Amino acid sequence: MSKAAAEKKRYLSHELADWACGLKYEHLSAAAVRSAKLFWFDSLGCGLGGSQQEDARILLAHYREMAGAGTEARRHGGTEMGGPCTCFVSGFRTNPVDAAFLNDHMIRAMDYNDIYWKADPCHPSDIIAGPLALCEFKGLSGKDLILATVIAYEVEMRLCEFGLPGIREYGWHHATLTAFA
């Protein structure tokens, strides 16, 4: 394929990006908004429970140590300020990537989070803290969070349906789809 032909070729990633960038909160149905809110209620409940698990405590302690946070703030009764994004329950603040990772870990820690069974199973809420961290980092609204949640869920679930008879038959794990979403 020539360079010019390759540059004109449209890939699935282009279609997904165009769709995601063109979607607005006003385009969402009432049912989509309600579903996104329910995903959040469920995920927050899972995150609260997950925050009490030993592995979540170990991760948070590690991130606090790496950031040099925690000891001084606790000693002086203050809050931990270390970044623009908040980690569930702890008040620890860090960068958006680490906050998303820590919060998503808490959501998944007890394995009670949602599951999508239409084709191969996947856990769309494994990515839900990413939009939260980005919205907090950018100072965006709740409507922006709902929109980002719908986009993330749609991408993951549609990719899950795309791999027929299932993504496992291609040698992929559902977490691969999470990375794309």
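Q: Into which classes do the residues lining the largest pocket divide?
A: This is a predicted model, and the lining of its largest pocket mixes classes. Charged residues number 4 there. The rest of the lining is 1 polar and 12 nonpolar.

Q: What is the volume of the largest pocket, and which element gives the most to its lining?
A: Its volume comes to about 320 Å³. Of the 17 lining residues, those closest to the centre are Ile-127, Gly-130, Pro-131, Leu-134 and Ala-148. H6, H7 and H8 each give two or more residues to the lining. With 6 residues, the top contributor is H7.

Q: Which element supplies the largest share of the second largest pocket's lining?
A: That pocket has a volume of about 240 Å³, and by class its lining has 10 nonpolar, 1 polar and no charged residues. At least two lining residues come from each of helix H2 (12–22), H8 and helix H9 (174–180). The largest share, 3 residues, belongs to H8.

Q: Which element gives the most to the largest nonpolar core?
A: This core has 37 residues, and Leu-28, Cys-87 and Phe-92 are among those with the most contacts inside it. Helices H3 (30–50), H4 (54–67), H6 (96–108), H7 (129–138) and H8 (142–162) each give two or more residues. The most, 10 residues, comes from H8.

Q: Is Thr-94 buried or exposed?
A: Thr-94 sits in strand S2 (residues 93–94). Beyond its neighbours within four places in sequence, its contacts include Cys-85, Cys-87 and Ala-99. Its relative accessible area is 7%, and the cut-off for buried is under 20%, so Thr-94 counts as buried.

Definitions and conventions:
Residues are numbered from 1 along each chain as its sequence is written. This is a predicted model: local features need pLDDT of at least 70, side-chain atom pairs count only at pLDDT 80 or more; totals for chains, interfaces and linings use all residues. Side-chain values use heavy atoms; hydrogens and water are left out. Helices (H or I, at least four residues) and strands (E, at least two) are DSSP runs, numbered from the N terminus. Buried means under 20% relative accessible area, exposed over 50%, partly exposed in between (1.4 Å probe, protein chains only). Contact means heavy atoms within 4.5 Å. A nonpolar core is a set of buried Ala, Val, Leu, Ile, Met, Phe, Trp, Tyr and Cys residues joined through side-chain atoms within 4.5 Å. On a 1 Å grid over the protein atoms alone, a cavity is a set of points where a 1.4 Å probe fits but cannot get out, and a pocket is an open set with protein on both sides within 12 Å along at least five of seven lines; lining residues have an atom within 4 Å of a point. Grid points are joined across faces, edges and corners, and a volume is the space filled by probe spheres set on the points. Ala, Val, Leu, Ile, Met, Phe, Trp, Tyr, Cys and Pro count as nonpolar, Asp, Glu, Lys and Arg as charged, and the others, Gly among them, as polar.
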